[in-house]
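Visitor: I am new to this structure and would be grateful for a close look at a single part of it. Please describe that part in its surroundings, and explain the terms as they arise.

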Amino acid sequence: MPADRVPFQYAIVRVVPRIERGEFINAGVVLFCRQRRFLAARTELDEPALAALSPDCVPDEVRAQLDSLAAVAAGDPAGGAVAAMPQSERFHWLTAPASTIVQSSPVHTGLTADPAAELDRLFEALVSRP
């Protein structure tokens, strides 16, 4: 492994408006790089896609949950008590299985020299819509 590249872990944040249907919208990425002391989440809600999957789902409520995840990742007090935990514990909390409308994918790994740029790259590839 080149000296400038270090391991990282990431998960895709998904909105699952009707769990019984198993349909979801990718709505963000959470990336953790222990060696660079980096943890961040980037989210965006595709409201037209949400309305297509579940017309009764309230976008503002989903967006509030996504904002809370980003606050936890950033260590922002708006994220509550979990936001005060160490980065590794926050990442595991953010990626733990959940039965709520906002869930994470399995955790994936990779190598990067720049975790912030990697988060942007993953977000563009996995979440952004043209």
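**A strand and its surroundings**

Guide: Phe-32 is buried, as is Phe-91; buried denotes a relative accessible area under 20%, exposed over 50%, and partly exposed the range in between, with a 1.4 Å probe and protein chains only. The model is a predicted one, in which local features need pLDDT of at least 70 and side-chain atom pairs count only at pLDDT 80 or more, while totals for chains, interfaces and linings use all residues. Residues are numbered from 1 along each chain as its sequence is written, and side-chain values use heavy atoms, with hydrogens and water left out.

The two phenylalanines bring us to aromatic pairs. Rings of Phe, Tyr and Trp (for Trp, the six-membered ring) pair if their centres lie within 6.5 Å; planes under 30 degrees apart count as stacked, over 60 as edge-to-face, and the rest as tilted. By this rule there are two aromatic pairs. One of them joins Phe-32 and Phe-91, and it is stacked, with 5.4 Å from centre to centre and 25 degrees between the planes. Phe-32 belongs to strand β2 and Phe-91 to helix α3 (residues 87-95), so this pair ties together parts that are 59 residues apart in sequence. Such elements are DSSP runs, numbered from the N terminus: helices are H or I with at least four residues, and strands are E with at least two.

Strand β2 is the part to examine. It spans residues 25-33, and because eight of its nine residues are buried, the strand is largely enclosed by the rest of the structure. Cys-33 also lies within that span, and at 0% relative accessibility this cysteine counts as buried. Elsewhere, Cys-57 counts as buried as well, at 15% relative accessibility. A disulfide is a pair of cysteine sulfur atoms within 2.5 Å, and by this rule the count is zero.

Next come the partners of β2. Two strands are said to pair if DSSP finds at least two bridges between them. With strand β3 (residues 38-43), β2 pairs in the antiparallel sense over six bridges; Leu-31, for instance, has Ala-40 in β3 as its bridge partner. β2 and β3 form a hairpin with four residues between them, and Arg-37 in that turn has a positive phi of about 50 degrees.

Strand β1 (residues 6-15) is also joined to β2, through seven bridges, and the two run antiparallel. Among these partners, Ile-12 is matched with Val-29 in β2, and Gln-9 with Phe-32, the member of the stacked pair described above. Strand β1 is itself mostly covered, since seven of its 10 residues are buried. One residue of β1 is Ala-11, which counts as buried because its relative accessibility is 0%. Leaving aside neighbours within four places in sequence, Ala-11 is in contact with Gly-28, Val-29, Val-30, Thr-95, Ser-104, Ser-105 and Pro-106, where contact means heavy atoms within 4.5 Å. By comparison, the C-alpha atoms of Ala-11 and Asp-67, 56 residues apart along the chain, are separated by 16 Å.

β1 has further partners. It is joined by five bridges to strand β5 (residues 108-112), and these two run antiparallel; Pro-7 has Leu-111 in β5 as its bridge partner. β1 also pairs with β4 in the antiparallel sense, over three bridges, and there Arg-14 stands opposite Gln-103. Arg-14 in addition lies over the face of Phe-24, at 4.2 Å from the ring centre; a charge sits over a ring if NZ of Lys or CZ of Arg is within 6 Å of the ring centre and within 35 degrees of the ring normal.

Gln-103, in strand β4 (residues 102-104), is buried because its relative accessible area is 18%. Its side chain reaches the backbone oxygen of Thr-100 at 3.1 Å and that of Ala-98 at 3.5 Å. A polar contact is a pair of N or O atoms within 3.5 Å; within protein, one must be able to donate a hydrogen and the other to accept it, and residues adjacent in sequence count only if both atoms are side-chain atoms. Beyond neighbours within four places in sequence, Gln-103 is in contact with Ile-12, Val-13, Arg-14, Val-16, Ile-19 and Ala-98.
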